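Student: I should like to take a close look at a single helix and then see how it fits into its surroundings. Could you please describe it in one connected account?

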Amino acid sequence: MTTSYQLKRVDFIFKNENDWEDVLSKSISKPPQELINELISSELKGRGGAGFPTGLKWKLSSEAVDDTKYVICNADEGEPGTFKDREILSRVPFKVLTAMAVCGHVIGSKEGYIYLRGEYFFLQPELNKAISEFEYYCKEINLDFKIRIFMGSGAYICGEETALFESMEGKRGEPRNKPPYPSSYGYMGKPTVINNVETLAHTFTIFKYGAKRFYDLGVQYSRGSKLFSVSGDTPKPGIYELELGMSLADFVDEFGDGDTKAVQVGGASGFLVPRKRFNETAIGFQGKLTGISLPTGGSMMLFNSSRSMFNVIDNYLEFFREESCGQCTPCRVGCQQLLSGIKAVKRGEKNAQYLDKLMRLAETMQYTAKCGLGQSVANSFSSIVENFREEMIY
Amino acid sequence: MNPVSDLIKNLADQHGRSRHNLLPILQGVVEQEKYLSEFSMTEIARELDLPAAEVYGTATFYSFLEHKKMGRYIIRICKTITCSMKGKNQVLLAIEDMLKINVGETTPDGTFSLLQTNCLGFCHKAPAMLINNEVFTDLTPEKVRDILSTYMKKKGASHDN
């Protein structure tokens, strides 16, 4: 397993944040357009998993005309296998707060929210302390920007941006139809920038060192570094910042236990890559066009040969069945049927060809479900059933 | 006046009475009461001038807003893939054995409730669980017995709660 590319460790995100006051006061003295251009030329893409260009997002909201706009930090980190956002918020909270205030300056917003998942309730006191210190400094430099924490209450779907708005508005966390997009119609129907915690932390790096330092990392279409949450059958589980564009083979060389059978890239809503594909798979944002470059929110779960892939997909489907918000039929019924379907095949109540029917159902969900949750169930389902068909049956 | 009604009134004073204040109010009641009774939900609806069905619909959407009576300490053990792989079931059996309850049940003295939950975000330190808002990681059956004993002593020490 030799490839030309090597794993490159990077240390930006967790590097000290002591100079946040500098970065903040310098950034807000610049015109919004300059900051937007900086972000666009860095080619930073959203680190929550979807990979939307951050500079463009800020630009669209800055162009929206409204007296009230919002900046929201999405800390509803619920994707199985992801735990980087909590680490950022507890180790370098000022980077995130600074980035939110700079975003407020760029788009013309005076209010920011951190939507923190209920499971991370224990982070609240420390984070509130950081926020008061931050707001104290804002007052000193005459910056009118307030940040508040909004607690979630245990719903994976609220990580979807429009479901998150609904939840903040006191409703069930059911995703909205898009368009309209958050840049024009977000929280309370106002133009809103909503970014993942890690994305905001990266903008801090860019404002501090300039776009080039960031752009020089990674490969074409996938610039910069990214935090990876590594778990499963690995001798060194934890959080690692790596340059984008690495091959999965190199990743497994570094983090595998020598017996890695497959890696789940991107959590339950991502793809399972079997050993034979490690060499041809890269981690980045090129998307599914080439079939070899997988985007990810940073969840990397390793499975060794002692694991049954049936148990894995069974666990994912149970997760999706519970977390589906239930408003659209393909997702609500689809998740239930996929789950009971694979169980029936395993028990021998249905024959092996039934798996093909289930694959078609998953494909239908991909096209017809309303939001990313239902659409992405097919990712893990198809990649697992295709590559480990015999484990589904016997 | 009923103490829950007082609590709800205070929460509404504190957060506001608009629809977008509903979640913090629901969370405030759950923090105190551990669950939302039908009475609480209709009281909240009255206080915020919302249809009770809307409050019920919202409250029951969120897995951390219980609407069944819960014990003082709610144990939520993570059942997602990595925790399952790293021995969640053994830990769960140890808890069930020690508290003499199954998942979804509450001890007769109202101290502990046992639930399973989806990914807690501690996959690198699996298995993990929450007791109310406190996190415990790298669990083993031995470790979880120690943790529960500490909580049982806490219960013996304080009668005010």
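Tutor: Within H7(A), the buried residues are Glu161(A), Thr162(A), Ala163(A), Leu164(A), Phe165(A), Glu166(A), Ser167(A) and Met168(A). A residue is called buried if 20 or more other C-beta atoms, placed from the backbone, lie within 10 Å of its own, exposed if 12 or fewer do, and partly exposed in between. Eight of the eight residues of H7(A) are therefore buried, and this helix is mostly covered. The model is a predicted one, in which local features need pLDDT of at least 70 and side-chain atom pairs count only at pLDDT 80 or more, while totals for chains, interfaces and linings use all residues. Residues are numbered from 1 along each chain as its sequence is written, and chains are lettered from A and ligands numbered from 1 in the order in which they are written.

The names of the elements follow a simple convention: helices (H or I, at least four residues) and strands (E, at least two) are DSSP runs numbered from the N terminus. The buried residues of H7(A) pack against four strands of chain A, namely E1 (70-75), E2 (111-116), E3 (146-151) and E4 (192-196), and also against helix H2 (22-33) of chain B. After H7(A) comes Gly170(A), whose phi is positive, near 85 degrees.

The meeting of the two chains involves 37 residues from chain A and 31 residues from chain B; two residues are in contact if their C-beta atoms, placed from the backbone, lie within 7 Å. On the side of chain A that touches chain B, the elements giving two or more residues are helix H7 (161-168), strand E7 (225-232) and helix H11 (309-323). H11(A) provides the largest share, six residues. This side of chain A has 14 nonpolar, 14 polar and nine charged residues. In this classification Ala, Val, Leu, Ile, Met, Phe, Trp, Tyr, Cys and Pro count as nonpolar, Asp, Glu, Lys and Arg as charged, and the others, Gly among them, as polar.

The interior may be considered next. The largest nonpolar core has 158 residues, and those with the most contacts inside it are Val96(A), Met100(A) and Leu26(B). Such a core is a set of buried Ala, Val, Leu, Ile, Met, Phe, Trp, Tyr and Cys residues joined through C-beta atoms within 7 Å. Its largest share, 10 residues, is given by helix H5 (residues 93-107) of chain A. If neighbours within four places in sequence are left aside, Val96(A) is in contact with Cys73(A), Ile88(A), Leu89(A), Val197(A), Leu200(A) and Ala201(A).

Several of these names return where two helices pack. H4(A) and H8(A) have axes 9 Å apart and meet at an angle of about 50 degrees. Axes are lines fitted to C-alpha atoms, for helices over the stretch in contact, and angles run from 0 to 180 degrees between N-to-C directions. H4(A) is thus oblique to H8(A); angles under 35 degrees count as roughly parallel, over 145 as roughly antiparallel, 65 to 115 as roughly perpendicular and the rest as oblique. H4(A) contributes Lys84(A), Asp85(A), Ile88(A) and Leu89(A) to the contact, and H8(A) contributes Val197(A), Glu198(A) and Ala201(A). These residues divide into four nonpolar, no polar and three charged.

On a wider scale, chain A is assigned domain 1 (20-215), domain 2 (218-304) and domain 3 (309-393), the bounds coming from an automatic or database domain assignment. The C-alpha centres of domain 1 and domain 2 of chain A lie 26 Å apart, and the contact takes 19 residues from each of these two domains. On the side of domain 1 of chain A that touches domain 2, helix H4 (84-91), helix H8 (197-209) and helix H9 (211-215) each supply at least two residues.

Chain B, the partner of H7(A) through helix H2 of chain B, has seven helices and four strands. Its assignment gives domain 1 (3-59) and domain 2 (73-157), whose C-alpha centres lie 28 Å apart. Of the 161 residues in chain B, 38% are buried. One of the residues of helix H6 (residues 88-99) of chain B is Val91(B), which is buried because 25 other C-beta atoms lie within 10 Å. By contrast, Glu390(A), in helix H15 (residues 389-393) of chain A, is exposed, because 10 other C-beta atoms lie within 10 Å.
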